[in-house]
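Me: Please take a close look at the salt bridges in this model. Which side chains pair up, and where do they sit?

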Amino acid sequence: MQVVRPVEGTRLPAVVEAPRGPLSVPSQHHPPVRLSLIVPTYNESRNLEELLRQLTAVLEPRLSGEYEILVVDDDSPDGTWAIAMRLAARLPMVRVIRRRTEKGLSTAVIRGWQAARGEVLAVIDADLQHPPEVLARLWESIQAGADLAVASRHVEGGGVSDWSALRRGLSRGAQLLGLAVLPSVVGRVSDPMSGYFMVRRSAIADAEMSPLGYKILLEVIGRGRIRSIGEAGYVFRERTAGESKVTARLYLDYLRHLVRLRLATLPPRFPRFAVVGLTGVLVDMALLFLLSDPRALGWGLTRSKVLAAEAAIINNFIWNDAWTFGDVAKKLGAGRARLKRFAKFNLICAMGLVLSVLLLALQFDVLHVNRYLANAVAIAVVTAWNFWMNKAFSWGLPARSAPAVPAAVVRRRAAAT
């Protein structure tokens, strides 16, 4: 990596060029240090010096000479990068990356990791809303064997200080939405929107990432090789200086990121499930016209819609049972077993309808998203919900128990020991 300005008398060059190319973290960097902490910044000139003071107070007693702090600044108009360079001149563990051609918190974190030397990689916000002292517990979790250690607002010892009811609701709603769309990722941690964590380099090395918005943790869990996860509770502090960067766009990017990760890990059955869903839409629309249109039967709209929706559900179940999950259905059996699958399918689809209405209201009434875009997002999310929930419950094969070991074998093993 090209050095821009080395600082005399320090172990590391203080300022380095921003890495370019694919967003993939190399498997090793020589010579290594134990921990690299990334601090992504944009207009944080009023917080940076105090943050670095607190960080070094936590890390020096534990990792003196074996850690580095990389400030990755997106060419802040308030000169955060210049303050970082000045501080790096007297803090030998600090390095600075000033990005002029790329923007965004998530990419800033990954570019920092690409330039980092640490065997363990970490990130913390620069606004002092993440308490630096929690780093000690995250490091302990990594030392105990975790691949990923996450600072969480939703475990014992965690909280969100003075958030409004609306912001609390949006945060929890985003988590529930993530569980519906991407349960295998979001369900692994209590706070999937956390931006404060440590991860072993080996767990994400060479995985090409494609982050969107602020939530890099989703990308780490979704594309990394994360086996064990530790969590440490923390209370999210209110900002004391600078301006908050939380906007409605953050939540929209979160939605898009969920969908992108979901599409990247789609199972082969999903396209069939989606095709069957389209046939269900056609059945629904055709029956609704036939039952409610004055030129046809002319029934009431509510009764017509209920019957049309149920007909679509029956259509979808028949095709999914015979085609999408046909091999599984044969193992589960017909007759009463098929009726049980149909009952579960009905219930899950009804829950999906409720979720769709709630998502539409949240996006249109609270986030003020265009109604058609909001409806498209709701349809995509509910389709994913229906697929995963039905895959797990309606067509989920029972877990196999370990085969019993004959008593004679047990006796022989005992005798051998």
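Reply: What follows walks through the salt bridges, pair by pair. The model is predicted. It holds 18 salt bridges. Side chains of opposite charge can pair when their charged atoms come close.

Start with the strands. R95 and E68 form a salt bridge, with 3.2 Å from N to O. The two residues are 27 apart and link distant parts of the chain. R95 belongs to strand β5 (residues 94-98), and E68 to strand β4 (residues 67-73). R95 has a relative accessible area of 5%, so it counts as buried under the 20% cut-off. E68 is buried too, at 0%.

Next comes a pair within one helix. R223 and E219 meet in a salt bridge at 2.3 Å, N to O. Both lie in helix α8 (residues 216-223). They are four residues apart, about one turn of the helix. Their exposure is not alike: R223 is partly exposed at 24%, whereas E219 is buried at 0%. R223 falls between the 20% and 50% limits, and therefore counts as partly exposed.

Then there is a link between two helices. D321 pairs with R341, and their closest N and O atoms are 2.8 Å apart. This bridge again connects distant parts of the chain, 20 residues apart. D321 sits in helix α11 (residues 301-324). R341 sits in helix α13 (residues 336-366). Both residues are buried.

Finally, a network. D74, R99, E102 and R111 are joined into one by salt bridges that share partners.

Note on methods. Residues numbered from 1 in each chain as written. Predicted model: local features only at pLDDT ≥ 70, side-chain atom pairs only at ≥ 80, totals over all residues. Heavy atoms only, no water. Salt bridge = Lys/Arg side-chain N within 4 Å of Asp/Glu carboxyl O. Buried < 20%, exposed > 50% of the residue type's maximum accessible area, 1.4 Å probe, protein only.
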